[in-house]
Amino acid sequence: MPKLPPPKLSPEERARASAAGVIARRERSLIKEQISQGSISIFEAVNDPRESIQRMRVVELLTAVPGIGLKRATLLMERISISPSRRIAGLGDKQLQALRRELSVNKSELNAGALLVMSGPGGVGKSTITSLLRDHPSFWISISATTRAPRENERHGHDYFFLDDQKFDSMIQGNEFLEWAEFAGARYGTPREPVQQWRNLGKHVLLEIEIAGARQVRAADPQALLVFIAPPSWEELVARLTSRGTDSAERRAARLALAQEEMAASVEFDHILINSQVEEVAAQLLSLATAHRVE
Ligand code: 5GP
């Protein structure tokens with residue numbers, strides 16, 4: 001194909017492009033400085049959604065790490081098949097995983113993601129908080145397995161893995177759950193492997209699970225961060241729980257009794273966040289996860 005001449009820019013367009021270039025360069029040099037000072041890991045930089053960072057070459061990022069010069073960075077990339085011109089945005093999950101493995105000798109510079117467990121009474125708004133964090137580049141939201149039937153709008157592999165009893169049993173047998181519990185006549189469990197994989201890639205992993213499961217996670221991993229979401233007041237929770245007109249009186253009473261039991265467990269958690277405003281709770285979860293260094 002014949003090579004096209006570069007587009008002609010008007011003086012204003014040229015000025016805008018050069019201003020954007022200056023900002024992008026400044027953002028890139030700032031992030032490299034943070035990596036070299038050890039205040040962020042290269043995996044945190046990889047999760048930075050800004051275009052200026054995503055367009056950075058991997059080699060530039062690696063050479064910002066103390067102790068990694070151009071020679072070592074080139075060798076390292078060769079060994080894990082990352083082409084010398086590869087940009088951050090073009091890194092695949094497998095390459096990131098390999099990079100983390102390669103750099104694990106240098107553990108002090110790399111941070112595994114935190115494991116966050118979020119529980120709270122039904123109706124408190126956990127799923128809205130989760131959906132806010134779903135698109136955040138620092139988080140991965142665990143997808144549970146369950147034996148309950150899918151609700152309308154729920155998709156297999158997105159909201160849950162909907163399994164039959166036999167498959168759920170075989171996953172228990174195979175020790176494939178980090179935790180599992182029974183709730184309202186169905187079984188729910190967190191598949192173990194993806195949690196570890198995503199944490200190794202530097203993502204904070206969020207589990208939205210009920211209280212018996214949260215206790216199991218605490219026992220399995222004492223470094224997990226347990227966060228309880230509480231309503232602004234008991235009255236408000238009662239109002240939310242009883243507003244569903246379709247429930248019978250017994251069903252409403254059962255929901256309230258369960259909520260009371262769940263509220264009583266809040267003292268076992270590391271943090272209690274009051275859900276007055278979902279955006280605020282999501283931001284608090286992010287700062288808790290970021291501040292939580294995993295040894
Ligand atoms: P739902 O059926 O309304 O989606 O969820 C019912 C309850 O099960 C909620 O409290 C939810 O947090 C909890 N849950 C969802 N997934 C899991 C899981 O993997 N493990 C445990 N222990 N609870 C879960």
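Let's start at the ligand. Fifteen residues sit around it, so to speak, and five come nearest: Ser144, Arg148, Tyr160, Tyr188 and Glu210. Keep in mind that this is a predicted model.

Which atoms of serine 144 approach the ligand? An N or O atom in its side chain, 2.6 Å from an oxygen atom of the ligand. Tyrosine 188 also uses its side chain. There, an N or O atom is 2.5 Å from a ligand oxygen. Glutamate 208 works from its backbone. One of its backbone N or O atoms lies 3.3 Å from an oxygen atom of the ligand.

Now step back to the whole chain. The protein is divided into two domains. Domain 1 covers residues 18-109. Domain 2 covers residues 115-291. Their C-alpha centres lie 33 Å apart.

How many residues are in contact between the two domains? Seven from domain 1 and nine from domain 2. Next, the area. The size of an interface is often given as the accessible area lost when the parts come together. Here, about 680 Å² is buried between domain 1 and domain 2. Carbon and sulfur atoms give 56% of that.

Which residues of domain 1 lose the most area to domain 2? Asn47, Gln97 and Arg100. Together they make up 65% of what the domain 1 side buries.

What about polar links across this interface? The rule finds zero salt bridges between domain 1 and domain 2. It finds one residue pair in polar contact, with both residues at pLDDT 80 or more.

Look at helix H6, residues 93-103. This helix gives four residues to the side of domain 1 that touches domain 2, the largest share. By class, that side has three nonpolar residues, two polar ones and two charged ones.

Last topic: salt bridges. Side chains of opposite charge can pair when their charged atoms come close. By the rule used here, the count comes to 11 salt bridges. One example is aspartate 165 with arginine 187. Their closest N and O atoms are 2.9 Å apart. Where do these two sit? Aspartate 165 is in helix H8, residues 165-173. Arginine 187 is in strand S6, residues 186-191. The two residues are 22 residues apart, and the pair links distant parts of the chain.

To recap. Ser144 and Tyr188 each bring a side-chain N or O atom to a ligand oxygen, at 2.6 Å and 2.5 Å. Between the domains, about 680 Å² is buried, with zero salt bridges across the interface.

Terms used
Residues are numbered from 1 along each chain as its sequence is written. This is a predicted model: local features need pLDDT of at least 70, side-chain atom pairs count only at pLDDT 80 or more; totals for chains, interfaces and linings use all residues. Side-chain values use heavy atoms; hydrogens and water are left out. Domain bounds come from an automatic or database domain assignment. Contact means heavy atoms within 4.5 Å. Buried area is the accessible area (1.4 Å probe) that two parts lose on being put together, summed over both. A salt bridge is a side-chain nitrogen of Lys or Arg within 4 Å of a carboxyl oxygen of Asp or Glu. A polar contact is a pair of N or O atoms within 3.5 Å; within protein, one must be able to donate a hydrogen and the other to accept it, and residues adjacent in sequence count only if both atoms are side-chain atoms. Ala, Val, Leu, Ile, Met, Phe, Trp, Tyr, Cys and Pro count as nonpolar, Asp, Glu, Lys and Arg as charged, and the others, Gly among them, as polar. A residue is near a molecule or strand if one of its heavy atoms lies within 4 Å of it.
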